[in-house]
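Here are my notes for you to read with the model open beside you. Take the points in order and find each piece on screen as you go.

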Amino acid sequence: MLQGFSVLPPTNLATGAVALQFGFDRMTVADTIAAISTPPGEGAIALVRISGANAIEIADKIFRAKERPSQFASHVQHFGEIFSAENALIDQVVLSVHRAPASYTGDDLVEISCHGGTLVSAKVLEACLRAGARAAGPGEFTERAFLNGKMDLTQAEAVIDLIRARTDLALRSATEQLEGRLGDQIRKIRDELMALLAHINASIDFPEEGIEPDEDEMLCARLDSVRDEISALLATADQGRVLREGVRVVIYGATNAGKSSLLNRLLGYDRVIVSDTHGTTRDTIEEMVNFEGVPIRLLDTAGLRASESELEREGVARTQKSLQLADLRLHIADRNAPKPAHFNGATTDPNEIVVLNKSDLLEDNDWKDFPALRISCVTGDGLPKLKEEILVRIRQHNLRPESAVAINIRHRDCLRRALESCDRARTALGEGLSGEYVAVDLDQALRAVGEVIGVVDVEQILDSVFSQFCIGK
């Protein structure tokens, strides 16, 4: 069982406050848990969830209507009232019972829809806790769904990706992962590894039965197929980062070239102060924008120039750091001014686009026939072509449109270790080493692949996964 979850995370202050008041802590899956599942603040409806063996019994204690919740048919909503332990009316609500195993968590689950005020939802939760539930930890409802076999670990992670999705592509990827597409691919790889390992172990453990390992060429071919499948998934790691975090696009160049103006234009509103004064932008400013379903993190940076100002020099240093971490760089220059000395010729770097701003003004002769995208942040001329070029570069190097499967950092670590183990097994086969050596490496690969979907001892992994969730999910 997971340990170390705080009872007062910043994601749900009402739940945390009640939990502290009654001294509850995260315990075991045998506990009945309760939490507010909707965001804090005012709204039309707030949802309070109770899950566990005593969920329906707790509902019987606090809910009053013509029938008791224990008499309700599953998945049917009933109107009634919630009362406190002091027999005081708290709110009129709609309550539904979801009987195990046909519930989100796989346990008995009760959902209470009350009015969406901060105080009233906290009072309903307090009534649940006084009646015998304990405050849920972050992600504990989804964790129970995983532990009860309702989903594998990749599907559980997809829930948080679905909640955080900012674009259509990210939503599609999370939805397909929630449906089990990634988990199915991992299980296929695991089954193939298990078959290989079982055959080799059988030939080692029962030599008297005459079980021979596959011919070397056949065994190598089967292992190479597994390695190719793992490599193909590892190749989606960058796409996963892009969909979850966005592509880092850094706008940089000399002072007064129009970097902040370009950021404002790409965002569609004035986010940054624009001035003719050199050095106006002295820090890195980041905003997220959606280009045709692709999440893009635009970074406006301090202008590059020598300066006596310590503050401006720090801004330039931050610009250099941002450039090192960029997925794509937009190098912007003023076409109305002479070409700087460092512009010797066209860039051949696929991760950089040269942009000449101020196409509404006369072009200096230094820029004649210089290959670059020409735009005007004043009139908007050339901006559609720039957006198109940004998407072309990103799709060429960061995204695989034909596949919505995209692994995350944890998956990448597991699969990297699995591939390394498979490589060692392949080397052992090629060198003609005994089956014991091959079996050890294949066993390590099998364990690493199993960690992705949570079919091995992964208690420490669960802590990392579910702590990202809000309380009530």
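1. Let's begin with a term: two strands pair if DSSP finds at least two bridges between them. Now look at Ile-36, which stands opposite Val-48 in S2. Strand S1 (residues 33–36) and strand S2 (residues 43–51) run antiparallel as a pair, joined over 4 bridges. Keep in mind that this is a predicted model.

2. Next, zoom out to the whole sheet. It is an open one with 7 strands, and if you walk across it you meet them in the order S3-S4-S5-S6-S2-S1-S7. The pairing is mixed. Which strands stand at the edges? They are S3 (63–64) and S7 (134–135); each has a single partner strand, so one side of each is left without a neighbour in the sheet. There is also a helix to spot here: H3 (residues 118–130) packs on the sheet. Helix H3 touches S1, S2, S4 (77–83), S5 (89–98), S6 (109–116) and S7, and its direction makes about 180° with that of S1.

3. Stay with strand S1 for a moment, since Ala-35 is found there. Is Ala-35 buried or exposed? It counts as buried, because its relative accessibility is 0% and the cut-off for buried is under 20%. Ala-35 and Val-48 are 13 residues apart along the chain, yet their C-alpha atoms are separated by 5.7 Å.

4. Now for a pair of helices. H5 (residues 153–164) packs with H6 (residues 168–178) at an angle of about 155°, and their axes are 8 Å apart. The two are therefore roughly antiparallel to each other, the label used for angles over 145 degrees. Their crossing is left-handed. On the H5 side, the residues that meet H6 include Ala-158, Val-159 and Leu-162, while Leu-171, Ala-174 and Leu-178 are among those on the H6 side. Sorted by type, the residues of this contact are 6 nonpolar, 4 polar and 2 charged.

5. Further along the chain, try the same exercise with H13 (residues 409–430) and H14 (residues 435–453). These pack at an angle of about 165°, with their axes 8 Å apart. That makes H13 roughly antiparallel to H14. The way H13 passes H14 is a left-handed crossing. From H13, the residues in the contact include Arg-410, Cys-414, Leu-415, Ala-418 and Leu-429; H14 brings Tyr-437, Val-438, Leu-442 and Glu-451, among others. How many residues of this contact are nonpolar? There are 14, alongside 3 polar and 5 charged.

6. Helix H9 (residues 237–245) is a good place to practise looking for buried residues. Its buried residues are Ala-237, Gln-239, Gly-240, Arg-241, Val-242 and Leu-243. Check what happens just after H9, too: Gly-246 takes a positive phi of about 95°.

7. Finish in a loop. Ala-326 sits between helix H11 (310–324) and strand S11 (328–334). With 17% relative accessibility, Ala-326 counts as buried. Which residues is Ala-326 in contact with, leaving aside its neighbours within four places in sequence? The answer is Arg-248 and Val-250. You can also find Arg-297, which is 29 residues from Ala-326 in sequence and 9.8 Å from it in space, C-alpha to C-alpha.

Note on methods:
Residues numbered from 1 in each chain as written. Predicted model: local features only at pLDDT ≥ 70, side-chain atom pairs only at ≥ 80, totals over all residues. Heavy atoms only, no water. Axes fitted to C-alpha atoms, helices over the stretch in contact; angles between N-to-C directions. Parallel < 35°, antiparallel > 145°, perpendicular 65-115°, else oblique. Left-handed = near helix turned anticlockwise from the far one by under 90°. Contact = heavy atoms within 4.5 Å. Nonpolar A, V, L, I, M, F, W, Y, C, P; charged D, E, K, R; others polar. Buried < 20%, exposed > 50% of the residue type's maximum accessible area, 1.4 Å probe, protein only.
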